[in-house]
Amino acid sequence: MTNSNTIKFFDYLENKKRNDSALTKMMEKEEQKLDYAVAVMELRTSLGFTQEEFAKAVNKPQSTIARIENGNANPTIKTLEQIADSVGKQLTFSFV
């Protein structure tokens, strides 16, 4: 169940975004990092790996995987391609 305070907050944010291009740009960057976080975490869990096992498989430090998964890193396309290649996957993206 969604509470009315949550709805008001999201309405407030949408209104602020419409009137503040800098805020819009910042929020879009954060949303992108969260998209990467979810994608990497879903890939790792679909393979049945812990972060440590996944880090070894993709030849990255576990701390890098943790930062990506918690949204505190903005991985490059090169890094995401290396991760995908290391586990036999292909990185795809689209313009929306």
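## Helix H5 and its cover

The cover over the buried residues of H5 includes H2, H3 and H4. This is a predicted model. The buried residues of H5 are Thr79, Leu80, Ile83 and Ala84. Viewed down the axis of H5, these buried residues stay within an arc of 135 degrees, so they line one face of the helix. Lys78 and Asp85 are exposed on the other side of H5.

After H5 comes Gly88. The phi of Gly88 is positive, near 70 degrees.

## Helix H3 and its packing

H3 spans residues 51-58, and Phe54, Ala55 and Val58 are buried in it. They cover an arc of only 100 degrees around the axis, which puts them on the same side of H3. The buried residues of H3 pack against three helices: H2 (21-46), H4 (62-69) and H5 (77-86). The packing of H3 thus meets H5 from both accounts: H5 is a partner of the buried H3 residues, and H3 is part of the cover over the buried H5 residues.

Asn59 sits just after H3. Its phi is positive, about 60 degrees.

## Salt bridges within helices

Four salt bridges turn up in a search of the whole structure. One of them joins the side chains of Lys17 and Glu14, at 3.7 Å from N to O. Both residues lie in helix H1 (residues 4-19), three residues apart, which separates them by about one helical turn. An α-helix has 3.6 residues a turn, so residues three or four places apart point the same way. Lys17 is buried, with a relative accessible area of 16%. Glu14 is partly exposed, with a relative accessible area of 39%.

Lys56 and Glu52 form another salt bridge, with the closest N and O atoms 3.7 Å apart. Both belong to helix H3. They are four residues apart, about one turn of the helix. Lys56 has 63% relative accessibility and counts as exposed, because the cut-off for exposed is over 50%.

## A salt bridge between helices

Glu69 forms a salt bridge with Arg44. The closest N and O atoms are 2.6 Å apart. Glu69 lies in helix H4 and Arg44 in helix H2, so the pair ties together parts that are 25 residues apart in sequence. Glu69 and Arg44 are both buried.

The two helices joined here, H4 and H2, also pack against the buried residues of H3. H2 and H4 are likewise among the elements that cover the buried residues of H5.

## A nonpolar surface patch

Ile77, Leu91, Phe93 and Phe95 make a nonpolar surface patch of about 490 Å². Ile77 lies in helix H5. Its relative accessibility is 47%, and Ile77 therefore counts as partly exposed. H5 thus contributes Ile77 to the patch, while Thr79, Leu80, Ile83 and Ala84 are its buried residues.

## The annotated span

The UniProt annotation "domain: HTH cro/C1-type" covers residues 42-96 and comes from an unreviewed entry. In the model, the end C-alpha atoms of residues 42-96 lie 21 Å apart. The span is 56% helix and 0% strand.

Key. Residues numbered from 1 in each chain as written. Predicted model: local features only at pLDDT ≥ 70, side-chain atom pairs only at ≥ 80, totals over all residues. Heavy atoms only, no water. Buried < 20%, exposed > 50% of the residue type's maximum accessible area, 1.4 Å probe, protein only. Arc of directions from axis to C-beta. Contact = heavy atoms within 4.5 Å. Patch = residues over 30% accessible without salt bridge, like charges linked within 9 Å, V, L, I, M, F, W, Y side chains within 5 Å. Areas by Shrake-Rupley, 256 points an atom, 1.4 Å probe, with all protein chains shown as cover. UniProt positions renumbered as here; feature names shortened; annotations may be inferred.
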